[in-house]
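Hi everyone, thanks for making time. Let me put the structure up, and then I'll walk you through it.

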Amino acid sequence: LRLALAGALPAALLCYGELRLASLSRAPLDPPVRVALIQADISHYDRRAARDGTWEVTRHIVDDHVALSRQALAEGPVDWLVWPETVYPLTFGAPRSADGAAFDLELGELVAQERVPLLFGSYDVDGATEFNAAFFLGLDGGPRDRPHLVYDVYRKARLFPFTERLPFWLDFGWARRALPWAGHWKA
């Protein structure tokens, strides 16, 4: 009996899988979505910012990702551009400086010129609270020479402990000194 039960489960899963694959093969196919995943080989933002300055590092990050995006767009049709989590080391949509506002405009110009939406990681703020977030930047109609840019944000709900946040019972000065990379984001 145990042997029969042990064999029945894989057999049932196999049958279900075959039926599901057959039903999918008969379903009408939507056109594929072509996504360009852009990842520049940039790391250690904090060390580079300490050495070169925050503006210079941000300039390098944005320039590299824009250049790689334009290269991907030149190589073939692309429906979406996707940049990594926290690639944009500023608070998008709520700039804290004139330089930050200029960088925000550059991302908008990329989307407007190429007419391709961009999904990227950045930071969102609400007062003094900062969130690790994903931003969607796209177009909502408008003439070709003056497109209307729109954006939406998703704040990360489940933060990684000891990297994106410290548990409340450990969030003290000595722990922050021992774990300097730990973020201060809120869920």
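Let's start at R70, which is partly exposed, because its relative accessible area is 31%. Keep in mind that this is a predicted model. So who does R70 pair with? R70 forms a salt bridge with E114, and the closest N and O atoms are 2.4 Å apart. E114 sits in helix α4 and R70 in helix α3, so this pair ties together parts of the chain that are 44 residues apart in sequence. E114 is partly exposed too, at 28% relative accessibility.

Quick general aside: side chains of opposite charge can pair when their charged atoms come close.

Now stay on those helices. E106 and R59 meet through their side chains in another salt bridge, 2.5 Å from N to O. Again we're linking distant parts of the chain, with E106 in helix α4 and R59 in helix α3, 47 residues apart. Is R59 buried or exposed? It counts as buried, because its relative accessibility is 18% and the cut-off for buried is under 20%. E106, on the other hand, comes in at 25%, so it counts as partly exposed.

Over to the strands. R155 makes a salt bridge with D124, and there the closest N and O atoms are 2.8 Å apart. R155 is in strand β5, residues 149-155, while D124 is in strand β3, and 31 residues separate the two. D124 is buried, with a relative accessible area of 10%, whereas R155 is partly exposed at 31%. Coming back to R59 and E106 for a second: together with D63 they are joined into one network by salt bridges that share partners. How many salt bridges does the structure hold? Eight.

Okay, next up is the largest pocket. About 940 Å³ of space lies in there. It's lined by 36 residues, and the closest to its centre are Y45, T86, P89, Y123 and W185. Which element gives the most to that lining? That's α3, with five residues. The elements that each supply at least two lining residues are α2 (45-52), α3 (54-75) and β4 (129-139). If you sort the lining by class, you get 17 nonpolar, 14 polar and five charged residues.

Let's step outside to the surface. There's a nonpolar patch of about 450 Å², made by V33, V35, L37, W80 and L119. The W80 in that patch belongs to strand β2, residues 80-82. With 30% relative accessibility, W80 counts as partly exposed.

Two more arginines before I wrap up. R51 is in helix α2, and it's exposed, because its relative accessible area is 60% and exposed means over 50%. Here's something to look for on the screen: R51 and D30 are 21 residues apart in sequence, yet from C-alpha to C-alpha they're 49 Å apart in space.

The other arginine is R115, in the loop between α4 (98-114) and β3 (118-126). What is its phi? Near 55°, a positive value in a residue other than glycine. R115 counts as partly exposed, at 28% relative accessibility.

If you take one picture away, make it the α3 and α4 pairing: R70 with E114, and R59 with E106. And remember that α3 also gives the most residues to the lining of the largest pocket. That's me done, thanks!

Methods. Residues are numbered from 1 along each chain as its sequence is written. This is a predicted model: local features need pLDDT of at least 70, side-chain atom pairs count only at pLDDT 80 or more; totals for chains, interfaces and linings use all residues. Side-chain values use heavy atoms; hydrogens and water are left out. Patches are made of residues with over 30% relative accessible area and no salt bridge: like charges are joined within 9 Å, nonpolar side chains (Val, Leu, Ile, Met, Phe, Trp, Tyr) within 5 Å. Accessible areas come from the Shrake-Rupley method with a 1.4 Å probe; for residues, only the protein chains shown count as cover. A salt bridge is a side-chain nitrogen of Lys or Arg within 4 Å of a carboxyl oxygen of Asp or Glu. Helices (H or I, at least four residues) and strands (E, at least two) are DSSP runs, numbered from the N terminus. Buried means under 20% relative accessible area, exposed over 50%, partly exposed in between (1.4 Å probe, protein chains only). On a 1 Å grid over the protein atoms alone, a cavity is a set of points where a 1.4 Å probe fits but cannot get out, and a pocket is an open set with protein on both sides within 12 Å along at least five of seven lines; lining residues have an atom within 4 Å of a point. Grid points are joined across faces, edges and corners, and a volume is the space filled by probe spheres set on the points. Ala, Val, Leu, Ile, Met, Phe, Trp, Tyr, Cys and Pro count as nonpolar, Asp, Glu, Lys and Arg as charged, and the others, Gly among them, as polar.
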